[in-house]
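Visitor: Please take one residue in the interior of this model and go through it closely, then follow its surroundings outwards.

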Amino acid sequence: KRQLEPMLRPFLLAVAAAHAAGIDLTLDYDMSAEQRNASLCRFATHLDGTVLMPGLKCCGGAPVESGADCGSDVNGALTYEAAQDTVAFDCKYKSPFALFAMRTTRDVQRTIVFLRQYDIKFTTRSGGHSQSCASTCDGCAVIHLYEMKNSTVYKSQGDTYLILEPGNTIGEVFQAYKNVDFMVPHGTSATIGFGGHVTGGGMGSLTRYFGFTSDRIMGVEIVLEDGR
């Protein structure tokens with residue numbers, strides 16, 4: 001039997017303790033919208049990121065209107081509507097019931113465990129656009145990685161390496177590192193997220209000479225379907 005990483009165990013124990021105390025962290029398609037949103041915001045207290053719903057966001061464990069002031073909450077400026085505006089073409093007319101705005105790998109692990117526990121359909125979006133609409137869907141949850149934008153460059157034995165979190169777009173990366181003496185083959189759209197671009201291969205005008213973006217990957221950190 002697969003064992004979850006130690007960092008997930010405290011979260012699962014917290015969920016169990018919440019149930020024992022009568023605090024509802026369940027999620028079900030048959031819930032009313034009010035019940036579901038309240039449950040999502042209670043779950044959001046276990047994240048460094050937050051959960052966003054149409055017209056609403058989570059502040060202090062409770063749903064509030066998107067325009068509400070969340071004070072010092074680092075996630076307070078995030079809104080469902082702003083995230084949806086960056087979806088390309090007809091994809092923006094698809095309506096997920098919630099966007100799980102991630103800030104850390106641990107957030108992704110906890111969210112996958114939570115959604116799978118209640119058999120909720122979900123997809124993942126790096127934060128850029130998707131011409132195929134694969135990163136959004138109607139009535140599902142979206143694990144949204146747009147806030148995961150850390151990046152760094154390091155050199156080893158004469159080689160240069162770029163370490164990226166998936167929420168970086170192509171345009172952001174090459175604007176930030178335009179004066180660094182290296183080049184990564186990439187596509188021609190500046191607004192696509194690197195996470196989706198790389199997992200799709202990463203084809204562009206430099207592919208014939210340098211190969212796909214994915215050909216240059218040296219290592220990845222992946223969260224599996226069971227939260228490991």
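Guide: Leaving aside neighbours within four places in sequence, Thr111 is in contact (heavy atoms within 4.5 Å) with Phe43, Leu47, Phe100, Met102 and Ile143. This is a predicted model, in which local features need pLDDT of at least 70 and side-chain atom pairs count only at pLDDT 80 or more, while totals for chains, interfaces and linings use all residues. Residues are numbered from 1 along each chain as its sequence is written, and side-chain values use heavy atoms, with hydrogens and water left out.

Thr111 belongs to helix α4; helices (H or I, at least four residues) and strands (E, at least two) are DSSP runs, numbered from the N terminus. With a relative accessible area of 0%, Thr111 is buried. Here buried means under 20% relative accessible area, exposed over 50%, and partly exposed in between (1.4 Å probe, protein chains only).

Two of the residues that Thr111 touches, Phe100 and Met102, also appear in the description of the largest nonpolar core. That core has 22 residues, and Leu40, Val51, Phe100 and Met102 are those with the most contacts inside it. A nonpolar core is a set of buried Ala, Val, Leu, Ile, Met, Phe, Trp, Tyr and Cys residues joined through side-chain atoms within 4.5 Å. Two or more residues of the 22-residue core come from each of α2 (33–44), β1 (50–53), β4 (98–101), α4 (105–117) and β6 (141–144). Separate from it is a second core of nine residues, with Leu78, Leu99, Cys137 and Cys140 among them. In soluble globular proteins, nonpolar side chains tend to be buried together.

Helix α2 also carries a polar residue, Asn37. Asn37 counts as buried because its relative accessible area is 10%. Beyond four places in sequence, Asn37 touches Met53, Leu56 and Pro63.

Helix α4, the helix of Thr111, is also tied to another part of the chain by charge. The side chains of Arg106 and Asp48 form a salt bridge, with N and O 3.1 Å apart; the criterion is a side-chain nitrogen of Lys or Arg within 4 Å of a carboxyl oxygen of Asp or Glu. Arg106 lies in α4 and Asp48 in the loop between α2 and β1, so this pair joins distant parts of the chain, 58 residues apart. Asp48 is partly exposed at 32%, and Arg106 is partly exposed at 32%.

A further salt bridge pairs Arg103 with Glu147 at 3.6 Å, N to O. Arg103 is in the loop between β4 and α4, whereas Glu147 is in the loop between β6 and β7 (151–156), 44 residues away in the chain. Both are partly exposed, Arg103 with 22% relative accessibility and Glu147 with 26%.

Across the whole structure there are four salt bridges. One of them joins Arg228 to Asp226, with the closest N and O atoms 3.0 Å apart. Arg228 is partly exposed at 27%, but Asp226 is buried at 17%.

On confidence, the mean pLDDT of the protein is 82, and 85% of its residues reach 70 or more; pLDDT is the predictor's confidence in each residue, from 0 to 100. Over residues 1–5 the pLDDT stays under 50, and the model has eleven contacts beyond four places in sequence for that stretch.
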